[in-house]
Amino acid sequence: MTTQQITGKLCTRGPKGYLEIPLETTVTDGNATEILTDATYTVAAQSVGIYAERQTLVAGWISGKSGLIYAAIVNNGIVRATVPLTSRTSGASGCSDMMIMNQIVLNPGDQLRVESYA
């Protein structure tokens, strides 16, 4: 199995004001994996529900080198919102912020889950 680095950003607004959540996790292709915050900017890698508790999710994107099947905010097995996917190898998708259709309030226990393929 191969691995790849998944990166992205979530944009939120709420009690902490406007907050961008940088994301980065190395995943093994073919497995559903939780994507955590980028420890370079957030001191420790943590779940999005902990880092941005009580913030409303409004926009964002997720990108992988080869391919992504899905990206979703999940809590206790329930999909609460889906996150737009972009491509690092295609200039057409651009990796700009895209609106999240179901603008949820993030809670502890919310995880950003992604499944990738080679």
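**Exercise 1.** Which residues does Thr37 touch, not counting residues up to four places away in sequence?

*Solution.* The model is predicted: local features need pLDDT of at least 70, side-chain atom pairs count only at pLDDT 80 or more, and totals for chains, interfaces and linings use all residues. Residues are numbered from 1 along each chain as its sequence is written, and side-chain values use heavy atoms, with hydrogens and water left out.

Step 1. Thr37 lies in the loop between β3 and α1 (39-42); helices (H or I, at least four residues) and strands (E, at least two) are DSSP runs, numbered from the N terminus.

Step 2. With contact taken as heavy atoms within 4.5 Å, the partners of Thr37 are Ile21, Pro22, Leu23, Glu24, Thr42, Ala44, Ala45, Gln46 and Tyr51.

**Exercise 2.** Classify Thr37 as buried or exposed.

*Solution.* Buried means under 20% relative accessible area, exposed over 50%, partly exposed in between (1.4 Å probe, protein chains only). Thr37 is buried because its relative accessibility is 1%.

**Exercise 3.** Give the strand order of the open sheet and place β3 in it.

*Solution.* Step 1. Two strands pair if DSSP finds at least two bridges between them. The four strands run in the order β3-β9-β5-β6, with antiparallel pairing.

Step 2. β3 (32-35) and β6 (78-82) are the edge strands, each pairing on one side only.

Step 3. Four bridges join β3 to strand β9 (residues 111-117) in the antiparallel sense, and Ala32 stands opposite Glu115 in β9.
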